[in-house]
Every structure is written in structure tokens, then in C-alpha cells.
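Colleague: I have this model open at my desk and would love a close look at one part of it. Could you pick a spot, tell me what sits around it, and then work outwards from there?

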Amino acid sequence: MKVIIIEDEKPSARRLQRMLSHIGIEAQAMLHSVNEAVAWFETNEHPDLILLDIQLSDGLSFEIFERVEVKSAIIFTTAYDEYALKAFKLNSIDYLLKPIDDEELETAIEKFKTNHSGPQDLLVDINQIKKLLINPLDREYKKRFTIKVGQHLRVVETEDIECFYSEQKATYCHTVDKKNYLLDFSLEQLEEKLDPLKFCRVNRKFIINIDGISDIISYTNSRLQVKLKHFSEQEIIVSRERVKDFRKWLE
């Protein structure tokens, strides 16, 4: 198992190296900057796993992946706040919160060994992670929608929307006062605009508000049925491939 450490603080890198050694893993390299990491990846076989600090001495570590294609699994080491950590969890991204604990490191390594059986598993969507973590507290999600109703415009607060759904190639929102409004966004576009802690895409047709849930029921083929407080026009079934992420979202 080949592991490298990318950490700008050399004492922290050496400490992490010792912690790995205690569980029988020798770090192949310790790198401390974006430029150093890029140069290393260009001349060395890529490792199975990278322990990666987000903030390096010459920039954010994401810049590495913009300059060279890296095919390795990543465990982030971070001092980010609770908001960003929730974003990690919702997207099944592995992380270790500084200061790193020996037991947590060992658990993360064992999880990696269990979940990654080959190179096809080792790709990470860096752009998605970058979007989650750069200035997470400054990121603004959509707070309201201005909707055309006949000759009028109506302002609907996002918190008053129980769900978004698609029907016959159009997208609608359903509000807590049991009204449906046609929107000019696709569900894919809405996913980018909505707070992921409040809204979840449960299948190809529905995005739901966590505050709108009244009941969750086991359904066939390991799926879940979601009942909302006010929307009852269609069944809402969490697709099987989204059940795991949906359960994490609920936590």
C-alpha cells in the first residue's frame, strides 16, 4: 500500500508519518507545497492513498489537480468548521479533523482498505469538493424565488417550499400553503442553488425540504418512501442508489 503525505507544516507531516508507521505503513513521500506535489506526481507512480491538507504554503491543494491528473484516493486533513464537515459527510468524503487522533487515523485507513479494491475506485471529484470547501460560510444559497403568475410576480421564500419536482419536462415547486408554481430552472440547476443541508435530491423527479418531511416508510427493493406534510399528489420514493446519501443527509 503506497501512501504519501501532502502537508505544509513539516512538524505535522512528521507526526503523521510516525502515526502511520505505528500502524505498519511507511509514507512514500512527504510533500509541502503545490509546486512540490505537482513535480512529484509528474515523475513518480501515483500512490494508492494521499493524506492531503487543504491549505498549503503556496496555495490551496486543489491547484495540484488542476495541473496534473491524479488517480489516487484522498483522505483530507482539515481544520475546517462544522459547516464544512457536514458537507464532507453529506458527500461521503473522507476527512480527518486536526489535531489528528491515532485511533481515527487507523479507522480511516481501515475504511479505505475495505472500500477501495482497485484503481477504478480511486477517482475523486475535486471540483465538487472545491465547491464545498472554499469559503463555505460565505457561500450564498438561494433564499427566495420570483415567480410569474399570470400578469403578476410572486416572491416565494425558499424555506416555504416543501419540494421541487419535474413533470412533463417542466419544473415546479410546491409550497407549504399547498400551491404549485412553474419555475425556470431544471432540478440540476436547483441542486446548485439550494442549501444541501436543507434540500436533498431523492430521485430524478424530486428535491425535498427536510422540514417538510412527515414520515419515512420502508419500501420495496431497499428503497424508502417519503411522506411530506402538504404534498400528496405523487408518491415520493428515494431511489435505491440515493438511499445511503439520503440517510446521511437525515443525520
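Modeller: Happy to! Let's begin with Ile-23, which touches Glu-106 and Ile-109 once residues up to four places away in sequence are set aside. Please keep in mind that this is a predicted model. Ile-23 sits in the loop that links helix 1 to strand 2. Is Ile-23 buried or exposed, or something in between? With a relative accessible area of 27%, Ile-23 counts as partly exposed, because the buried class ends at under 20% and the exposed class begins at over 50%. Another residue to look for here is Asp-102: its C-alpha atom is 9.2 Å from that of Ile-23, although 79 residues separate the two along the chain.

Now step back to the elements on either side of that loop. Strand 1 (residues 3–6), helix 1 (residues 10–22) and strand 2 together form a β-α-β unit, and the unit is right-handed. Strand 1 and strand 2 (residues 27–31) run parallel and are joined by 4 bridges. If you want a pair to click on, Ile-4 has Ala-29 of strand 2 as its bridge partner. Strand 1 also pairs with strand 3 (residues 49–53), again in the parallel sense and over 4 bridges. Here Ile-6 is matched with Leu-52 in strand 3. Which way do the side chains of strand 1 point? Val-3 and Ile-5 point one way and Ile-4 and Ile-6 the other, and all of them are buried.

Next comes helix 2 (residues 34–43), where Val-34, Ala-37, Val-38, Trp-40 and Phe-41 are buried. Why do these residues end up on the same side of helix 2? They span an arc of only 165 degrees around the axis, which places them on one side of helix 2. The general rule behind this is that an α-helix has 3.6 residues a turn, so residues three or four places apart point the same way. On the face turned away from the buried side of helix 2 you will find the exposed residues Glu-42 and Thr-43. The cover over the buried residues of helix 2 includes strand 1, strand 2, strand 3, strand 4 (55–56), strand 5 (59–60) and helix 3 (62–67). At the N-terminal end, helix 2 is capped by Ser-33, with a side-chain oxygen 3.1 Å from the backbone nitrogen of Glu-36.

Further along the chain there is a hairpin worth rotating into view. Strand 11 (residues 170–175) and strand 12 run antiparallel, with 4 bridges between them. One pairing to check is Tyr-172, whose bridge partner in strand 12 is Leu-182. The hairpin has 4 residues between its strands, and Lys-178 takes a positive phi near 65 degrees there. How do the side chains of strand 12 (residues 180–183) alternate? Tyr-181 and Leu-183 point to one face and are buried, whereas Asn-180 and Leu-182 point to the other and are not.

Strand 11 also holds His-174, which is buried, with a relative accessible area of 1%. Beyond its neighbours within four places in sequence, His-174 contacts a list of residues that includes Asp-160, Ile-161, Cys-163, Asn-180, His-230 and Phe-231. For another buried position, try Ser-166 in strand 10 (residues 161–167), where the relative accessibility is 18%. Ser-166 touches Thr-171, Leu-187, Arg-204 and Lys-205, leaving out residues up to four places away.

Close to the end of our tour is helix 8 (residues 243–250), with Val-243, Phe-246 and Trp-249 buried. These three cover an arc of only 115 degrees around the axis, which puts them on the same side of helix 8.

Finally, the whole chain. It comes to 8 helices and 17 strands, and 43% of its 251 residues are buried. Of the contacts between residues at least 6 apart in sequence, 53% join residues at least 24 apart. How confident is the predictor? The chain averages a pLDDT of 86, and 85% of the residues score at least 70. Confidence is highest in strand 14 (residues 206–209), at 97, and lowest in helix 4 (residues 82–90), at a mean of 60.

Terms used: Residues are numbered from 1 along each chain as its sequence is written. This is a predicted model: local features need pLDDT of at least 70, side-chain atom pairs count only at pLDDT 80 or more; totals for chains, interfaces and linings use all residues. Side-chain values use heavy atoms; hydrogens and water are left out. Buried means under 20% relative accessible area, exposed over 50%, partly exposed in between (1.4 Å probe, protein chains only). Helices (H or I, at least four residues) and strands (E, at least two) are DSSP runs, numbered from the N terminus. Two strands pair if DSSP finds at least two bridges between them. A crossover is right-handed if, with the strands pointing away from the viewer, the path from the first strand over the helix to the second runs clockwise. The arc is that of the directions from the helix axis to the C-beta atoms. Contact means heavy atoms within 4.5 Å. A polar contact is a pair of N or O atoms within 3.5 Å; within protein, one must be able to donate a hydrogen and the other to accept it, and residues adjacent in sequence count only if both atoms are side-chain atoms. pLDDT is the predictor's confidence in each residue, from 0 to 100.
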